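This briefing is meant to be read alongside the sequence and the model. Please keep both in view while going through the topics below.

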Amino acid sequence: MNGTINVLDCTLRDGGQGLEDLNKYGFKTEEFTENDRIRIAELARDAGIDIIEIGTISEIHGDDQKKFAIYRDVQTLSRFKPGQTSSDRIYTGLYLGPDIPVDKIPEYSPELVDGIRVILRYSELKKSVDFCAAIAKKNYKVFVQPMLTMRYTDDEINYLVDSANEMGAYALYFVDSFGYMTEKDVDRFANHYLKRLDKGIKIGFHAHNNMENAFLNVKYFIETFPERERIIDSCAVGMGTGTGNLQTEVLVNYLNKNSNTDYDFEKVLEICEILEKFRPAAQGTWGYTPLRFIPAAHNTSYKFAVAMRMKYNMTFVQINRVMSEMPDELRFRYTPEILEKILSDMGFIGK
């Protein structure tokens, strides 16, 4: 590991989910080839990236979703783990939620990924935490990921911290899922964790770039809390769901110049080169756009804005007006039915 800052590259996982999103919305786009998936992981390894996330684990997707680096089980995902060049290198996969029966997950063994990240489901928080604890008992390094951490009250954050301590989690994250965190919010979560979280548990930060704040917030997190070992998530070219993430090339360049690290910048650029083929189809769908900025300005899921634009051909002004007036309790979870009701109630479509 490179000092107190560990870089976790999730290009394959978050980028793969971004490609899946494009596919759902009907965009013609490139897909990861098997060679892409192998080569990106190898280059991240050769660049000296500390933690490499090689994909998502989801039973419901089936084998046909490998083109998005989504695999049916941890064994299948682990086949794409490149050979080690350092005993410090960690490979992970991510569960989208706590739905896979724990008895289907094998005990950790060296041929499998070292770590498991779990997206906590806010509506099923205890079930999600219990799922993490069960995986920890199977001897994986568990990364606890409370998606949209801005929703959590102080009491709920305390519950997460206490649970992470009890299970001996590898890392506890705060996650800016909709990309509207500020430095003040980074302060709130980091200081809360520092007060209660066992010193052996790393603090992770997953930033999204809807308001162009990802690097600013990460830079603040790096510079303000040097006493604790931390993990920063990033993706090459920022590729990811929604607007996307902090760019790996930006992060490693900054760390090499300011933190005495020695990541191989050119290897990261080689990953960027592989991803160039995705750019024409993805133009305006990941990376900064007003379409992704507007929901972040209203603390709302970006999927509402995408659907309003793509299905209902609404202008940015109309989308902003809907976002301004929609009920707060509906902002966090997009479904077509919820959006249709909102637009009908506001008179944008016929009842």
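How many nonpolar, polar and charged residues does the lining of the largest pocket have, by class? In this predicted model, the lining of the largest pocket divides into 19 nonpolar, 11 polar and 12 charged residues. The points below take up that pocket, then strand β8 and its neighbours, and finally some individual loop residues.

**The largest pocket**

- The largest pocket holds about 1,600 Å³ of space, and of the 42 residues that line this pocket, L96, I119, R121, M147 and K303 are the closest to its centre.
- Two or more lining residues are given by each of the elements α1 (11-24), β4 (90-95), β5 (115-120) and α12 (302-310), and the largest share, six residues, comes from α1.
- As general background, empty space left among the atoms is revealed by rolling over them a probe the size of a water molecule.

**Strand β8 and its neighbours**

- Strand β8, which spans residues 202-207, is mostly covered, with six of its six residues buried.
- Both faces of β8 are covered, since K202, G204 and H206 on one side are buried, as are I203, F205 and A207 on the other.
- Strand β7 (residues 171-176) runs parallel to β8 and is joined to it by six bridges, and within this pairing F174 has F205 of β8 as its bridge partner.
- Between these two strands the chain passes from β7 through helix α6 (residues 183-196) to β8, in a β-α-β crossover that is right-handed.
- Strand β9 (residues 230-234) also pairs with β8 in the parallel sense, over three bridges, and here G204 stands opposite I231 of β9.
- A right-handed β-α-β unit is likewise made by β8, helix α7 (residues 214-224) and β9.

**Buried loop residues and their contacts**

- T335 is found in the loop between α13 (316-325) and α14 (336-345), and with a relative accessible area of 13% this residue counts as buried, because the cut-off for burial is under 20%.
- A polar atom of the T335 side chain lies 3.0 Å from the backbone nitrogen of I338.
- F68 has its place in the loop between β2 (51-57) and β3 (70-71), and its relative accessibility of 1% makes F68 a buried residue.
- Although F68 and G15 are 53 residues apart along the chain, their C-alpha atoms are separated by 7.9 Å.

**Residues with a positive phi**

- In general, most residues other than glycine have a negative phi.
- N139, which is not a glycine, has a positive phi of about 75 degrees, and the residue is found in the loop between α4 (125-137) and β6 (141-146).
- Is N139 buried or exposed? With a relative accessibility of 54%, N139 counts as exposed, because the cut-off for that class is over 50%.
- V237, also a residue other than glycine, has a positive phi near 55 degrees, and its position is in the loop between β9 and α8 (248-258).
- V237 counts as buried at 15% relative accessibility, whereas N139 counts as exposed at 54%.

Methods:
Residues numbered from 1 in each chain as written. Predicted model: local features only at pLDDT ≥ 70, side-chain atom pairs only at ≥ 80, totals over all residues. Heavy atoms only, no water. 1 Å grid on protein atoms, 1.4 Å probe; cavity = no way out; pocket = protein on both sides within 12 Å on 5 of 7 lines; lining within 4 Å. Points joined across faces, edges and corners; volume = space filled by probe spheres on them. Helix = DSSP H or I, 4+ residues; strand = E, 2+ residues; numbered from the N terminus. Nonpolar A, V, L, I, M, F, W, Y, C, P; charged D, E, K, R; others polar. Buried < 20%, exposed > 50% of the residue type's maximum accessible area, 1.4 Å probe, protein only. Polar contact = N/O pair within 3.5 Å; in protein donor to acceptor, adjacent residues only side chain to side chain. Pairing = 2+ DSSP bridges. Right-handed = clockwise from strand over helix to strand, strands pointing away.
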